[in-house]
Amino acid sequence: FDSMKRLLDSLDATDYGPNDLVDLVIRFDRPREATAEWFHQVEGVRSRVSSTWKQGNATIIVADEPMGLRRSWLEAWKPKHEHERAIILEDDVEVSPIWYKWLQQAHDAYDGRSDLADISLQRQTLIPKIPVEKRRNRRMMRRNMKNNNKGTEKILESPTDGQPFLFRLVGSIGYSPKASVWMDFLDFANCALETNLDVSVPGLMTSGWYGGYFDKTTMWTQLFIYFCNHQELSTLYYFPPNNRTLATHWREKGAHFDVSFGRDFELATVKNGDIDFPSELVSLDWDAKPIKMQPTLRPLVMSVSLHYGREEFDRFVLGLRRHYRGDIALLISSSAPSEIKDMLVEHNVTVSESDAEGGRQFTPKWRRIIKTRYKFYEGMCRQEKYDLCMILDFRDVLFQSNPLAHVKFPSEPTLHVYLHNIKTNGWAKRQAVNCKGGKASWLEDQWFINAGGLIASPSMMANISGLYRMFGYKCDNQVALNLAVYGKKLYGANDIVMHKQGEGSINNAAWGGVFQKDSRQRILNHNCFPSPVVHQFDEKAKLG
């Protein structure tokens, strides 16, 4: 409890300004043997904060059972909305008097950044990416970590002169996550722990610590490292002058240290002039080198919406625009109401119109729609304008995140197809006889590819649009795509990526689909992240 007293002393000495309300919540993990003396010490802390904490409400929470470090962190803060702010402090941390004002200014300046996960008061030293020549020396890495929290000979240095910067590695000492990111992370962590997801990141020494050098229940940060690596998020740091820090870590004996080492850095006690918060930040990768800029992807999302109503248009267009700012192209009925056309203009959707009418499968009206649809896809997806084009069914898709955020910059030609969790059935094989030149044997024991959502480079889109010239318009479009892929009829396809159900950009929920849901009822991929696109969301599916 001496470390708790030291932390509380530093919080009492903080400059919060005259008007800010700051609530204090202290959570105690219950020891395996909670003695009367331990409870007496807890009541001493309760008595202290009730009389000395004047910034807002003070709450003491004692766990009903031993939780361990990881669970304690995951239950430390559960934001109610995306605009809350908090800082999480372990008891062996001490904060600078200027930490609060700096942190508030940093949140004000950078919370709008899409690449920001959190803000740390720590003077981070660890560079987690292991040089190839040092990866074999695991025993030395373990000794260094347990003795002094340094796993590399080289330590992190600020790339800027007295300015904040971004670094991929989380800093848990004086930790203030962005509320929206923390909410997403908590959902991810619950799923990852429930499904025993492998959260190792190749090349990072922290992956070896998690469940190897340390008990997994003592380390929440590897979950967050995996999460940030997938989401391409970074932590904001600021290193005060004269080798000082906004939060010092006393590195006391416990879960991460065999012996106590004392404070890591002296605290910054006064503000050395105005701290600059530039709009452009230096961003460092896991190896502490500047993150390399990737080519800007030129994407297009396309769909066909003939004779649907405002509800379907709102779900598709507004749902997509919540996550995606790239180009959208829709083929709509020439008789669509003016309110729908106005809405599409408002949301910067390129519109083509058709007087084609719906009809039963294989009727002349149906065949005309198929011809019109693929002519539209080929005409819109032009190589001089786009790198990748996504085509989707219209009525039965939901958007949960940017559908193209994690698609790699393509080679030419490229095709991503998305499977159902079933093998091709007798219906598909019977339909193959209607496909000119197609053979049912090509579909034998193959996973069924859904034609209602795929991603293709422009040249591959032209190949796909030509499927019906190849197989004839009596061929079902689902069967045609399966025949083309499994029969190797898409000539020049250097890179056909086949995504199992629950992997990649499109999750086909029906026809054998298995998935989890998070606390906000979002459907998850098998990697515990929300499926960017849920196809056939309204069909019966099995929850994993």
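Author: A disulfide is a pair of cysteine sulfur atoms within 2.5 Å. The model discussed here is predicted, and it holds three disulfides.

Reader: What makes Cys381 and Cys389 a disulfide?

Author: The sulfur atoms of Cys381 and Cys389 are 2.1 Å apart. The cut-off is within 2.5 Å, so the pair qualifies as a disulfide. With 95° about the S-S bond, this link is right-handed.

Reader: Why does Cys381 count as buried?

Author: The relative accessible area of Cys381 is 3%. Buried means under 20%, and therefore Cys381 is buried. Its partner Cys389 has 0% relative accessibility and, by that cut-off, counts as buried too.

Reader: How do you know that Cys435 and Cys475 form a disulfide, and why is it called right-handed?

Author: Their sulfur atoms are 2.0 Å apart, which satisfies the requirement of lying within 2.5 Å. The torsion about the S-S bond of Cys435 and Cys475 is about 80°, so this disulfide is right-handed. The pair links distant parts of the chain, 40 residues apart: Cys435 belongs to the loop between α12 (426-431) and β18 (447-456), and Cys475 to the loop between α14 (467-471) and α15 (477-486). Both Cys435 and Cys475 are buried.

Reader: What is the handedness of the link between Cys191 and Cys528, and which parts of the chain are joined?

Author: The sulfur atoms of Cys191 and Cys528 are 2.1 Å apart, and the two residues form a disulfide. The angle about the S-S bond is -70°, and the link is left-handed. The pair joins distant parts of the chain, with Cys191 in helix α6 (residues 179-195) and Cys528 in the loop between β22 (523-524) and β23 (533-535), 337 residues apart. Both cysteines of this pair, Cys191 and Cys528, are buried.

Reader: What makes Cys528 notable in its backbone, and why is it called buried?

Author: Phi of Cys528 is near 75°, a positive value in a residue other than glycine. The relative accessible area of Cys528 is 2%, which is under 20%, so Cys528 is buried.

Reader: Where is Asp445, and why does it count as exposed?

Author: Asp445 is in the loop between α12 and β18. Its phi is near 55°, again positive in a residue other than glycine. The relative accessibility of Asp445 is 54%; exposed means over 50%, and so Asp445 counts as exposed.

Reader: What is the pairing of the bonded cysteines in sequence order, and how do you know that Cys228 is in no disulfide?

Author: Numbered in sequence order, the bonded cysteines pair as 1-6, 2-3, 4-5. For Cys228, the nearest cysteine sulfur is that of Cys528, 15 Å away. A disulfide needs sulfur atoms within 2.5 Å, so Cys228 is in none. With a relative accessible area of 2%, set against the limit of under 20%, Cys228 is buried.

Reader: What makes β1 and β2 paired strands?

Author: Strands β1 (residues 24-28) and β2 (residues 58-62) pair in the parallel sense over five bridges. Pairing requires at least two bridges, so the criterion is met. The bridge partner of Ile26 in β2 is Ile60. Ile26 belongs to the covered face of β1, together with Leu24 and Phe28, while Val25 and Arg27 make up the uncovered one.

Reader: Which helix completes the β-α-β unit, and what is the handedness of that unit?

Author: Helix α2 (residues 36-52), with β1 and β2, makes a right-handed β-α-β unit.

Note on methods:
Residues numbered from 1 in each chain as written. Predicted model: local features only at pLDDT ≥ 70, side-chain atom pairs only at ≥ 80, totals over all residues. Heavy atoms only, no water. Buried < 20%, exposed > 50% of the residue type's maximum accessible area, 1.4 Å probe, protein only. Helix = DSSP H or I, 4+ residues; strand = E, 2+ residues; numbered from the N terminus. Right-handed = clockwise from strand over helix to strand, strands pointing away.
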